[in-house]
Every structure is written in C-alpha cells, then in structure tokens.
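Colleague: I would like to go through a few local features of this model and learn how to read each of them. Shall we start with helix packing?

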Amino acid sequence: MKVLTSIQIKELDAYTIEHEPITSLDLMERASKALAEAIMNRWNSKYPVKVFAGPGNNGGDALAVARMLAAKDYIVEVFLFNTTGKLSPDCEANRDRISKKNSLTFNEITSQFNPPELTENTLVIDGLFGSGLNKPLNGGFAAVVRYINSSPAHVVSLDVPSGLFCEDNTVNISQHIIRADLTLTLQLPKLSFLFAENQEYIGEYEVLDIGLHPKGLELAPTEYHITEPQDVANMLQSRSRFAHKGTMGHGLLVAGSYGMAGAAILAAKASLKSGLGKVTIHTPQKNNDVLQVAVPEAILHHDTDDTRFVHACPTDIFQAVAIGPGLGTMKDTSLAVIEQIRRTMCPLVLDADALNILGEHQGWILQIPAHSILTPHVKELDRMVGNSQNSYERLVKARNLAMRQQLYIIVKGAWTAVIFPEGGIYFNPTGNPGMATAGSGDVLTGILLGLLSQGYKQQAAVKLGVYLHGLAGDLAAEELGEESMTASDIVAYLPQAFKKLKGIDKL
C-alpha cells in the first residue's frame, strides 16, 4: 500500500476528477457519505453532535457530514468558521445546502465565537483543516482547538486532526493540534500517522475507501509503503522434497557475554524456528552449559575468553552471520566486533551491542559491508546518526545512512520502518505493544539470520522477517494477552505465523 504526501493526495483527487470523470463537489459528497456512515456505525443518534467546519474543503466535508447525520435524526449543531469571507467553492456549495435545512442548527462564525458546551456525551466532529495545512494554527483557530481539547467530548477528526501536518511536524505547535479519539482518514493513511509522537492526536484511525482513481494511485511515485500480507506471502520459499540440514543453510550467531546467555538463546531458537538447517553460536566458555541445555540443536564455538567476545572467528563455512545480542561494549569486545565485521564476506546482520559499539566508534560505520542489515531501536539509531527531534527527522537520517552506505536499516518500534539502500521505506503493519519486552529484538535477529542463511536475498529477508516477527507477536498476544507476553512467546508462535502466511493466497 502506498503512502502519499499531502501534495500527491491533492494530485490524486484532481486525477480522479479528470479521469473518472466526476465533479469535485460530487467527489466530496462521496467522501462525506463514507465519513457519515463510519460515524453512524460507532455512535447512535442519542449523542448530540457539534460540527466544527473550517473554510476549506475539509470544512466542506464536515458540512456535508452534518447534513447527512441530521437526515438520520441526529441532533446536529454546526459552526462554520468564515472569518475572512472566503470559502472554497465546494465548502460554499455545502454551506448553501445546509443553510436551507431546518433539521439542524447552523451558525456561521464571521467574528465573535461563543463556544458551545461540550460534555462527555457530546460528539465533536472536527472538520477545521485537513491534509492541505502547511503552517501551525494560531489565533482564533488555535483557541478553538485548545477549547475542544480541554473538553471531555468524544472527538472525531475528518481525514486529519486539525493542525497536524501530513509529513513533518518539526515546526508544529503541539498545543494547537486536535487530540482526536478517532481519525477517519480518506483513501490512504498519512505518513505522520505512523510516528509514535503523533498517536496522542490521531487516537484510533480508520481508512475509508472513497474510490479515488486506481490508475492515478498506480502512477503516483512514492518512497513510502505499508507492507501488505500478499507482499510477503509471495516471498516464502518452498522446500525441496530432498532437503536436508546441509541444504537449509548454516548461520553463525555471535552473541552472549557471561550473564547474557539469554540473548543468544532467543536468537538461536528463532533462527531454527525460521527454518535454518544449522546454527553455530560463537560465545564465551562460561555460557556453554546453559546453551547446551536451552538450545540442544545448536553447535557451540567457544571464544578464547571465558566471559565475553574478544576473538573474531572465520566465516567461510557460513551462509550468513549475525552479531550483537548480549555482547556488551567492553574495549576488547568492541575491537573483536569490528574485526568480525571486516572478516565477514557473507550476508551480515548487526544488532544490539554491535550497534552500540558502532555508535561509540562512528568511523567504523564506513567499514560495514554494503547490503548488511542493521536492526536498531530508536536509541541505538540515535547513537549512530545523532539525536532527532521527532520520528520524521530520525527516519530521514536513517534513510540517508542507508543510501550513503548501501545498507538495509530496520528501525524497530510500532510501524517498524524497513529502509532499503535505494531509499524505499516499508512500514510493517504487524506487531503490538506486548512485544515491548526484553529479548524481542534478539528474536528478530535470529529470524533474519535464519532466512538469510537459507538463501533469502536481503530485500526479501528484511520485509518477510519483520512481518513474521510481528505476526508471531500478534498471535501470541491473541492467546496470552499483551501484558503477559515474553520474547520466548514470540519464538513459540513463529510456527503459527509461518502457517498463517502460507495460507494467504499468492498473487
């Protein structure tokens, strides 16, 4: 699924109007019908409705929705803010339609605004400003936003919470953005919806199909996508009837200082549950007993140090290498990590302490082989590329690093961003807050190692691995609840995740 910029959304509207063909007013009517139906599906006519409409097309949508709700016996009061005396043509047309209706109360605000009482039983429809906004709200509109936000009312925003920009909100004013309980967005999610700091404004969001022209959407270029199930289902490889452990890959996992053997256990188990034929764990001698018991299928290769990784090992016999979980960042470990990176000629995954070490020695980043996979969470990424004010800025920095160094970078979190060397970004839809638990990232590292070692190319491994990781987490949460999930549960549900993905019809 594509994610378009606000400018591209406007262009897609224009393409639809020209090529369907349809008038802009009729397209607004179609969108408003979808919005009204979505609202009626959630709130019945017992809720008094207060509609706040701005002077642009978002306001036109709000006016049309108000008219449709009133026709279904909702008690509707409308406030149209026309403080400059200039409405968009379609907003003006809907103003003229609604002003003739006796089934609702209509107020056109040209100067003084006396705000209505908003109680916990009030449904507020926010149609002040939509996707075209490009500067922070101020003055009277900012005051209206603050008033709505201070109320206990239920708030539904049409397309975009008023005041929120569709992409970069670095220069925005947080107090001047509507905090919606529900955002009903049209046709496609907006990029800013996928960033953690904007959750408080968006609330829950629902995408409504308003029939924008599919050809126009197909032609629109974008670097942003949301991965869909069929995308990854098509990537799954089938096994030969004559497969054996020697043909299903051999991966090397460099993980686990003394006291952190759990990271190695989780990553190794995940790699095996992802179909890997053999995994060798390079780890300190003191981790031997716990690893032999916890992962009896694994081969152990002991470091020369009893407690931590200090000596890089040959990689000639392996199809892929993963470095990082539970290693620590001591000086001798750091030197061993960069030496291991230099020695590795096969596909490489860098995670956890390997990334922290690179953050401490940023010049070493230049030595990472092209097409390696980095899996940072936000703090690990900031250590490598510098602190960011928000998710958009952080994403731009990560994309620049990926393109400059020709890397695959997986920025972990809700809507994990998978960044390709050419700059494409794929947001992953699977996963849940129950995965915010120690060891979850180690599991992802193991999955990636398992897929790469079996022969999956990096571009397939990153999208498929992240999707499977989140899907296993979703299946675990469904059974266990988010609060009680552990990283081990994600590993345990990987078989079901593979089965579910295999059950999806391929394109």
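Colleague: How are α13 and α14 oriented to each other: parallel, antiparallel, perpendicular or oblique?

Modeller: Keep in mind that this is a predicted model. In general, a pair of packed helices is described by the angle between their axes and the distance between those axes. Here the axes of α13 (residues 378–385) and α14 (residues 391–405) come within 11 Å and cross at roughly 60 degrees. Roughly perpendicular begins at 65 degrees, and α13 and α14 are therefore oblique to each other.

Colleague: What is the handedness of the crossing of α13 and α14?

Modeller: The crossing in which α13 passes α14 is left-handed. On the α13 side the contact is made by V378, L381, D382 and V385, and on the α14 side by R394, K397, A398 and L401. By type, the contact residues of α13 and α14 divide into five nonpolar, three charged and no polar.

Colleague: Next, burial along a helix. Which residues of α4 are buried?

Modeller: In α4 (residues 89–99), the buried residues are D90, C91, N94, R95 and I98. The arc they cover around the axis is only 145 degrees, so they lie on the same side of α4.

Colleague: What do the buried residues of α4 pack against?

Modeller: Their partners are two helices, α2 (24–42) and α3 (57–71), and two strands, β2 (76–81) and β3 (105–109).

Colleague: Now the backbone. Which residues does a cis peptide bond join?

Modeller: The general expectation is that most peptide bonds are trans, and that most residues other than glycine have a negative phi. In this model, a cis peptide bond joins E20 and P21, with omega at about -15 degrees. P21 sits in the loop between α1 (6–19) and α2.

Colleague: And phi? Where does D159 lie, and what is its phi?

Modeller: D159 is not a glycine, yet its phi is positive, about 75 degrees. It lies in the loop between β5 (154–158) and β6 (182–186). H371, also not a glycine, has a positive phi of about 75 degrees. H371 is placed in the loop between α12 (353–360) and β14 (373–374).

Colleague: Do the two sit in similar surroundings, or should I read each separately? Is D159 buried or exposed?

Modeller: Read each against the cut-offs. Buried means under 20% relative accessible area, so D159, at 7%, counts as buried. H371 has 36% relative accessibility and therefore counts as partly exposed.

Conventions:
Residues numbered from 1 in each chain as written. Predicted model: local features only at pLDDT ≥ 70, side-chain atom pairs only at ≥ 80, totals over all residues. Heavy atoms only, no water. Axes fitted to C-alpha atoms, helices over the stretch in contact; angles between N-to-C directions. Helix = DSSP H or I, 4+ residues; strand = E, 2+ residues; numbered from the N terminus. Parallel < 35°, antiparallel > 145°, perpendicular 65-115°, else oblique. Left-handed = near helix turned anticlockwise from the far one by under 90°. Contact = heavy atoms within 4.5 Å. Nonpolar A, V, L, I, M, F, W, Y, C, P; charged D, E, K, R; others polar. Buried < 20%, exposed > 50% of the residue type's maximum accessible area, 1.4 Å probe, protein only. Arc of directions from axis to C-beta.
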